[in-house]
Amino acid sequence: MRVLVTQEIDPIGLQILADAGLEVDVRAGPRPIDRAVLLDRVGGCVGLVPMPTDRIDAAVLDAGPLRVVAQHAVGFDNLDLAAARARGVICTNTPGVLTDATADLAMALLLAASRRVVEGDRLVRRGEFEGWRPTMLRGLDLRGGVLGIVGMGRIGRATAERAQAFGMTLVHHRGDPQELPSLPVGLDELLGMADVVSLHFPLRPETRGLIGAAAFSAMNSTAVLVNTSRGPVVDDSALAEALRPGQIAAAGLDVYAHGPQVEPALLALDNVILAPHLGSATRGTRRKMAELAARNMVAALGGDVPPNRIA
Ligand code: GLV
């Protein structure tokens, strides 16, 4: 029984697959797998371990005798679950293990964008640092500021917890804050009152482009946007239009509307931090993701209920 893994993952995942007696085909290369290569190599495979950059639709599901798709990520907007269900293909993801790493990255972007760290780094490298100045690169005060979490799920809560330690007050739209002292508000209300807006909801047809021109008009001119969820939930050209004249103050992005391509207008701006989808990129987290994806695969192929079934 062969399993295709579309990019190199932590060796623990490959070991678990091999120990279960599976033949593992790992496609190597720095970029996401080419669609034609995917369609070709999935032929003959009963299992597929895709990355969030791989579109797994009916054509892929029909290209091989696939029984299990064990996504190496928590988000699964790249999987056509209805097509998988229609074909009896089991799908799984890797929730939980990347919550802390992703919340840490959200916090890193929140801090860096609020305190203009990357702008400062560029200034120093340009040789323009001439000494401490009371008016240089003033940013946002976090203590007493309002953090608006859109999508209070696992990662939203973990981000909110971190921001609480910095003295921020919490409001949220959608989701469940559990024990966190967060006020539920409408989206427009949140956008109008937040000093930082952090996005933590999945990409779905109804959330595509949710944060666009209207949202930026509702935000404060001193506000910061952080997006560690999925790129297409933000309209990046409208974001550039809002950042350029200072309609909002800054943004920290880990994902892009047309990722991996970045809106050219954003590249030209100083008040946006652009990260290359690093949310879960820590050694320990990627190890746990590889392990979980492999365990899901082995369980499902062995006829057991996989720990993280989504279809
Ligand atoms: C990464 O973006 C993931 O969904 O795990």
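How many aromatic pairs does a search of the whole structure find? Zero is the result of that search. Keep in mind that this is a predicted model.

**Figure 1. The whole chain, from end to end.**
Start with the big picture: the chain holds 12 helices and 12 strands. Its C-alpha trace spans about 65 × 45 × 30 Å along the principal axes. How does that fit with a compact globule? For 311 residues, such a globule would have a radius of gyration near 19 Å, and the chain's 21 Å agrees with that. Of the 311 residues, 51% count as buried. On the outside, the chain exposes about 14,200 Å², and 52% of this comes from carbon and sulfur atoms. Now look at who touches whom: if you take contacts between residues at least 6 apart in sequence, 56% of them join residues at least 24 apart.

**Figure 2. Two domains and the contact between them.**
Here the chain is split by its domain assignment into domain 1 (2-97 + 282-301) and domain 2 (99-274). Notice that domain 1 is written as two stretches of the chain. Nine residues from domain 1 and five residues from domain 2 take part in the contact. Taken over C-alpha atoms, the centres of domain 1 and domain 2 are separated by 31 Å.

**Figure 3. A charge over a ring.**
No ring-to-ring pairs turn up in this structure, as the search for aromatic pairs finds zero, but here is a ring with a charge for company. The charged end of arginine 174 sits over the ring of phenylalanine 201. From that charged end to the centre of the ring is 5.8 Å.

**Figure 4. A cis peptide bond.**
Most peptide bonds are trans. The one from glycine 259 to proline 260 is cis, and its omega is near 5°. To find proline 260, go to the loop between β11 (250-253) and α11 (264-267).

**Figure 5. Two residues with positive phi.**
Most residues other than glycine have a negative phi. Arginine 116 isn't a glycine, yet its phi is positive, at about 55°. You'll find arginine 116 in the loop between α5 (99-114) and α6 (117-125). Arginine 116 counts as partly exposed because its relative accessibility is 28%. Histidine 277 is another non-glycine residue with a positive phi, near 50°. Look for histidine 277 in the loop between β12 (272-274) and α12 (283-301). With 39% relative accessibility, histidine 277 also counts as partly exposed.

**Figure 6. Arginine 162 and what it touches.**
Is arginine 162 buried or exposed? Its relative accessibility is 18%, so arginine 162 counts as buried, the cut-off being under 20%. This arginine lies in helix α7, which covers residues 154-165. Leaving aside residues up to four places away in sequence, arginine 162 touches Asp100, Ala103, Asp104 and Met107.

**Figure 7. Alanine 213, out in the open.**
Alanine 213 lies in helix α9 (residues 213-218). At 52% relative accessibility, alanine 213 counts as exposed, because the cut-off for that is over 50%. Where does glutamate 241 come in? Alanine 213 and glutamate 241 are 28 residues apart in sequence, and their C-alpha atoms are 8.2 Å apart in space.

Terms used: Residues numbered from 1 in each chain as written. Predicted model: local features only at pLDDT ≥ 70, side-chain atom pairs only at ≥ 80, totals over all residues. Heavy atoms only, no water. Phe/Tyr/Trp six-rings, centres within 6.5 Å; stacked < 30°, edge-to-face > 60°. Lys NZ or Arg CZ within 6 Å of the ring centre and 35° of its normal. Helix = DSSP H or I, 4+ residues; strand = E, 2+ residues; numbered from the N terminus. Rg over C-alpha atoms; globule rule 2.2 N^0.38 Å. Buried < 20%, exposed > 50% of the residue type's maximum accessible area, 1.4 Å probe, protein only. Contact = heavy atoms within 4.5 Å. Areas by Shrake-Rupley, 256 points an atom, 1.4 Å probe, with all protein chains shown as cover. Domains from an automatic or database assignment.
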